Amino acid sequence: MQNIDWASLGFSYMDTHCHIRYVWRDGVWSEGELVKEPYLKMHIAASCLHYGQEAFEGLKAFRCKDGKVRIFRPHANGERLIGSARRTCMAPVPVDMFVDAVKRAVKANEDFMPPYGTGGSMYIRPLLLGTGPQIGVAPANEYTFLVMVMPVGPYYKGGLKPVRALVVDEYDRAAPHGTGDIKIGGNYAASLYAHEEAKRAGYPVELYLDAKTRTFIEEFATSNFIGITKDGTYVTPDSHSVLPSVTNDTLKQIAADLGMKVEVRPVPFDEVKEFAEVAACGTAVVVTPICEITRGDTVITTGDPDGCGPVLQKLYDTVQGIQYGRLPDTHGWCVEV
Ligand SMILES: *Cc1c(COP(=O)(O)O)cnc(C)c1O
């Protein structure tokens, strides 16, 4: 076990023993090797550097109540990465290879795994890059796939803390037929400026509306939008430019299991004031309650500023219960390492 102060762990990069790395050349992936050095030597003309031919994933492994380590829904992330690879003309990583890579990276760094009860987990970051030299615009002839891991703390020490969100009206993250639905670095580069601006203005998260009409809700910069209606229906936007979040998919299923109605449909921004609870959702935090949404001069209250609403809290507790092995995994989401 590493000498880490688990209680003060946040969400930031930390060196571990190694990452796992694969290279694709002439149509085949290498076997994958554990690499100690956290550096990648690549050609200065690599397509990822010049033309952003790159995609990534984010998922977590947990030390469960029974002492075992389990990865949460790695197949879903593997399938999503195939979609990202297709849209950016990269060599796809077969799902079996993806899951195996994640397992091997977690296993090799098991002593960095936060113990059960600390609220921590192992964040897993798979990365797919065009590493072949390419100056004319075309797909690269070489790809690198790697998986790094790092221990992270509970995002919210002492309960879910609601935050204020800002609607971004000056910039778009994704166009109607753009790349909003795949997980690529380019989308993050495109939204970083607005993110910094929102942060300076005192808003930790930004909400994007549809780029064409600015009337429908899309998602937050790095997480999906969920609204809970006053009669307890789970509502989340249906849009081609929203990233299909695994967390959202999980929460939808749990909501349905709990007997809630689930609606995936266009959500007009005007509906925001009608919701009883609003949240952002993603792997890093699971659920971030949103207590207020500001658009220009208008401030809309969307929840209690002092705590999470009861429906979101229940959904959150259920996901975490499954992830840490306190509740039965009826959907077969957890993969043992
Ligand atoms: C990664 C990501 C999410 C959250 O997806 P999860 O699979 O739940 O972690 C949401 N929106 C965007 C834009 C993302 O990149």
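Visitor: How many disulfides does a search of the whole structure find?

Guide: Zero: the search of the whole structure turns up no disulfides. Keep in mind that this is a predicted model.

Visitor: What is a disulfide, in general?

Guide: It is a covalent bond that joins the sulfur atoms of two cysteines. Here, a pair of cysteine sulfurs must lie within 2.5 Å to count.

Visitor: Why is cysteine 48 without such a bond?

Guide: Its closest cysteine sulfur, in cysteine 89, is 15 Å away, so the gap is too far for a bond. Cysteine 48 also counts as buried, at 12% relative accessibility.

Visitor: And what keeps cysteine 334 from bonding to cysteine 64?

Guide: Distance again: their sulfurs are 6.3 Å apart, which is too far for a bond, although cysteine 64 holds the closest cysteine sulfur. Cysteine 334 is buried, with a relative accessible area of 16%.

Visitor: Let's turn to the ligand. Where does the ligand sit?

Guide: Look in the largest pocket. There, 15 residues surround the ligand, and the closest are Lys183, Tyr188, Ser245, Thr247 and Thr283.

Visitor: How do the residues of that shell divide?

Guide: The shell has four nonpolar, seven polar and four charged residues.

Visitor: Which atoms of serine 245 should I look at beside the ligand?

Guide: Find an N or O atom in the serine 245 side chain, 2.6 Å from a ligand oxygen. Arginine 80 places a polar side-chain atom 2.8 Å from an oxygen atom of the ligand. With serine 223 the backbone takes part: one of its polar atoms is 3.4 Å from a ligand nitrogen.

Visitor: How much of the ligand's exposed area does the protein bury?

Guide: The protein buries 96% of the 380 Å² that the ligand exposes when taken alone.

How values were computed
Residues numbered from 1 in each chain as written. Predicted model: local features only at pLDDT ≥ 70, side-chain atom pairs only at ≥ 80, totals over all residues. Heavy atoms only, no water. Near = heavy atom within 4 Å. Polar contact = N/O pair within 3.5 Å; in protein donor to acceptor, adjacent residues only side chain to side chain. Areas by Shrake-Rupley, 256 points an atom, 1.4 Å probe, with all protein chains shown as cover. 1 Å grid on protein atoms, 1.4 Å probe; cavity = no way out; pocket = protein on both sides within 12 Å on 5 of 7 lines; lining within 4 Å. Sits in = over half its atoms within 2 Å of the grid points. Nonpolar A, V, L, I, M, F, W, Y, C, P; charged D, E, K, R; others polar. Buried < 20%, exposed > 50% of the residue type's maximum accessible area, 1.4 Å probe, protein only.
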